[in-house]
Amino acid sequence: FTYTRRANPTTRQLERLLAELQGRDDCIVFGSGVAAVAASLLALTRAGDHVLCFVETYGPSRQLLQGLRGRFGVLHTMLTIEDDAGIERVLAERPTRLVFFESPTNPLTRIADLAAITRAAHAHGALTVLDNTFAGFHNHGQYGIDVFVHSLTKYAAGHGDVMGGAVIASTALVREMR
């Protein structure tokens, strides 16, 4: 721990605790939830990659995805979270790097079929990134989600007086993001 922006004992303890609560190997924390979303999208996509996402997704997350397209050449398809047939069709028709979604969605609180989306994504070689902010760290760990993103400002703090974000995943994916 030689430089606190890179890591420090308190931050590392928080990362270990969050990873344990979510049932995953590792975690990296950020200054905000949107920073965690941005880091996961930037680390896991490259020019020409395709991302499947949903209209019910948190507005700033949608804006990040749309900005990646114009600025970095990351393409995306946007469906409704309830379009099971569309999800299967898009994944079958075009190679997809990530499926980015939320459950419950913010702010509409729609519930995604996590098992079906994860199964379809993995069957077509895509990683799943779930913004799990509204569900909390103790939910959805039983699904094969590759990457969990959280805004610590909401569920973890609960008062809006703390800013923070977290990405929780396997050691290999967290290492790639670092």
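## Nonpolar cores

In this predicted model, the largest nonpolar core (buried Ala, Val, Leu, Ile, Met, Phe, Trp, Tyr and Cys residues joined through side-chain atoms within 4.5 Å) has 26 residues, of which Leu 18, Leu 52, Phe 54, Val 99 and Phe 101 touch the most other members. Buried stands for under 20% relative accessible area, exposed for over 50%, and partly exposed for values in between (1.4 Å probe, protein chains only). At least two core residues come from each of helix H1 (9–22), strands S1 (26–30), S2 (50–54), S4 (98–102) and S7 (165–169), and helices H4 (84–93) and H5 (114–123). Helices (H or I, at least four residues) and strands (E, at least two) are DSSP runs, numbered from the N terminus. With four residues, H5 gives the most to this core.

A second, separate core of 22 residues includes Leu 44, Cys 53, Val 147 and Val 149.

## Helix H4

Gly 86, Ile 87, Val 90 and Leu 91 are the buried residues listed for H4. The buried residues of H4 line one face of the helix, because they fall within an arc of 125° seen down its axis; the arc is that of the directions from the helix axis to the C-beta atoms. Ala 85, Ala 92 and Glu 93, on the other side of H4, are exposed. The buried residues pack against S2, strand S3 (75–79), S4 and H5.

## Thr 128

Thr 128 lies in strand S5 (residues 127–131) and is buried, at 0% relative accessible area. Neighbours within four places in sequence aside, its contacts (heavy atoms within 4.5 Å) include Val 99, Phe 101, Thr 118 and His 122.

## Basis

Residues are numbered from 1 along each chain as its sequence is written. Local features need pLDDT of at least 70 and side-chain atom pairs count only at pLDDT 80 or more, while totals for chains, interfaces and linings use all residues, and side-chain values use heavy atoms, with hydrogens and water left out.
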